[in-house]
2 protein chains.
Amino acid sequence: MATFVMQALGCEVSAINTVQFSNHTGYKQFKGRKTPAEEVTELYEGLKQSHLNDFDVLLSGYCPSAGVVQQVGKIARETRFASTTKPGAFFWVLDPVMGDEGKIYVSEEVVPAYKSLLRDADLILPNQFEAELLSGVTITDFKSLAEAIRVLHRSHRVPHIIITSVRLPHDTEQGDEPELSIVGSTADSDFNPRLFRLKVPAFPVFFSGTGDMFAALIVARLREACLAADLLTTAHWQSPDDVAATELPLAKAAEKVLASMHLVLKKTMDSRQEELEKMTRAQEFNTGIGEEADKDNEREKHLRLTKAAEVRVVRNWKDLVYPPDIEAFKAHAVNVELDANLPIEPDELGVVNMGTGHEIGQGAVHQT
Amino acid sequence: MATFVMQALGCEVSAINTVQFSNHTGYKQFKGRKTPAEEVTELYEGLKQSHLNDFDVLLSGYCPSAGVVQQVGKIARETRFASTTKPGAFFWVLDPVMGDEGKIYVSEEVVPAYKSLLRDADLILPNQFEAELLSGVTITDFKSLAEAIRVLHRSHRVPHIIITSVRLPHDTEQGDEPELSIVGSTADSDFNPRLFRLKVPAFPVFFSGTGDMFAALIVARLREACLAADLLTTAHWQSPDDVAATELPLAKAAEKVLASMHLVLKKTMDSRQEELEKMTRAQEFNTGIGEEADKDNEREKHLRLTKAAEVRVVRNWKDLVYPPDIEAFKAHAVNVELDANLPIEPDELGVVNMGTGHEIGQGAVHQT
């Protein structure tokens, strides 16, 4: 997913596969192999010895072990070091894949491994749960969300953050269903957040790979937006303080990304529906009786439904390259009054004060 | 290369990587790992258990061992068997990567392994040397070339063949330099060749991956041409006997493929030239003295030249999708008078009579 999407947008990709699986894990069964950390190292050494490691951007996604996380960090640091005299020449987009909706699905050592690397990242893409894990702030409302982002900016020195799936119980005053949104920020020179938010229409189906799709699209679109803003030779592509949240290249990039994704996922929904109708007509499922037959039937049904929901990204690459201009996917500023007394001070040692989140009450949210 | 090119042309690809290397071997140094045959088997079993093995087309390329070749053959045969009642529903494009210009660069057991699989392939893409290895016919002129193709059609029952790089010493009567061309054929119902030829403008630089690029493009373009000719439900997508060589879908596909490739390689040449000029300006190479410095210098130079010649396929995907209509890339019929007494009879056991090639003299070539 990530490789194809970046290529579709014109990026030359040196992919190091951290797994070679037969299929994504949403099928609940798969075969194949996780790449050991030593192999990641070896491949990187191979690139280096032939001077093929002059990357402009590193996108890191799922790492199957803390060892692989550390190795990826080593690659990022070395590449950054090689570009010391050229600010902005290297940019690391780190998607800290650890878990979702309160559950960690990697080994526990992966969490501190990611934490220790945050300082080297330019943009991180945690979901709400991962943002909690990394910041130590429990996110219950917009104020605590903003606080988590401030902690990541100040204590972990991450210049750009997008929290890729925010679902808060009381984020509208009308008492509507919890909406899905993404919330992003580029720190100002005081490490304070400039928060923006985009609503994401949720689909009633799980699509595998959308995290990687988002990350890959943001790589290409952020670089494009920063090129337009003449920021590619500025350290961390960080906008001047007078740039408002909704005018940030990160916000502009996110608008295009969501517009593309929405179209591809909508088309995927349609194709899925056609597949389901075909299946129903063909009466594809086992009609045997008894518990075993039911179990087999359920399993078969799950496999077919999962396949039907595979994101139709290849056939719809034009929607990636030419995103529609959709008013619904405009970034809005999020104005939260944060406490002047920061609960967590910038910490040069990278040690994070955990567990302050619970004490933060609900804040004022103004969406403009 | 192959995965991206097929995706760019709208194919959904389930890629099984037969190697994970840091870079292509043209750099003369690389790190990484060849996939063991058992892992290919395992990944295929994984696809199968979730019903993800309903392939329309299989493209097989470089296999690092005879074991992997055999495993690929097993995948092809099983997929073919599953589509027994649906002629044309499965098509195998086999690129028998073994060597070039008289040299074998795989282990020797790979050659018989490929031979035993030819009967299951729909289209094979050998270069001139590989065609000799598979047919047992030494290719010295157009008559022996045609004979090699007839042997592959008749004895090995391969319906479609393209010999991807033909360089014959006396292929023009003007005494010009040997030209590079591709020669293809779709057998008629008597297993006789229908030969066509396309000239390929040669570049004075080695580009790595062009074999895979050709194979991937031909997959998409042949299917497209066979769809247009309403052949996708005909066994092996084989055209009726009244279709002339130059009107074959294989010939039509090859025209588009070469037009796309030529444009991408021409742009690659230009980009390469720019890189070389940058290097010269920056005086990038070691200017130390002595034999060691020379050696280092040579090695560094080779690495940089190789990198500069990387095929610019990602940034030029539009040339893949929209091939220019270029008169120079039109297929021409090749009329060779072959002996009526076939030196090799169709052999249902798949045993091939080897070594007849040397006795075949130069034939008459008429290019129309």
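This passage describes the symmetry, one helix pair and two unusual backbone angles of a predicted model.

The arrangement of the two chains is a good place to start. Chain A is superposed on chain B by a rotation of 180° with 0.0 Å of shift along the rotation axis, at an RMSD of 0.0 Å. The two copies are therefore related by a two-fold axis. Within chain A, A:F4 has the C-alpha nearest this axis, at 3.5 Å. Both copies use the same surface, as 100% of the contact residues of chain A recur in chain B.

Inside chain A, helix α3 (residues 66-82) and helix α4 (residues 110-117) have axes that come within 8 Å and cross at roughly 10°. Because angles under 35 degrees count as roughly parallel, α3(A) is described as roughly parallel to α4(A). On the α3(A) side, the contact involves A:A66, A:V69, A:Q70, A:G73 and A:R77; their partners in α4(A) are A:V110, A:A113, A:Y114, A:S116 and A:L117. Sorted by class, six nonpolar, three polar and one charged residues make up this contact.

Two loop residues also deserve a look for their backbone geometry. Most residues other than glycine have a negative phi. A:D230, which is not a glycine, nevertheless has a positive phi of about 55°. This residue sits in the loop between α7 (210-228) and α8 (249-282) of chain A, and is exposed, with a relative accessible area of 62%. In chain B, B:F191 likewise has a positive phi, near 65°. The loop that holds B:F191 runs between β9 (180-186) and β10 (195-200) of chain B. With a relative accessible area of 24%, B:F191 is partly exposed.

Terms used: Residues numbered from 1 in each chain as written. Chains lettered and ligands numbered in written order. Predicted model: local features only at pLDDT ≥ 70, side-chain atom pairs only at ≥ 80, totals over all residues. Heavy atoms only, no water. Axes fitted to C-alpha atoms, helices over the stretch in contact; angles between N-to-C directions. Helix = DSSP H or I, 4+ residues; strand = E, 2+ residues; numbered from the N terminus. Parallel < 35°, antiparallel > 145°, perpendicular 65-115°, else oblique. Contact = heavy atoms within 4.5 Å. Nonpolar A, V, L, I, M, F, W, Y, C, P; charged D, E, K, R; others polar. Least-squares fit on C-alpha atoms with pLDDT ≥ 70 in both. Buried < 20%, exposed > 50% of the residue type's maximum accessible area, 1.4 Å probe, protein only.
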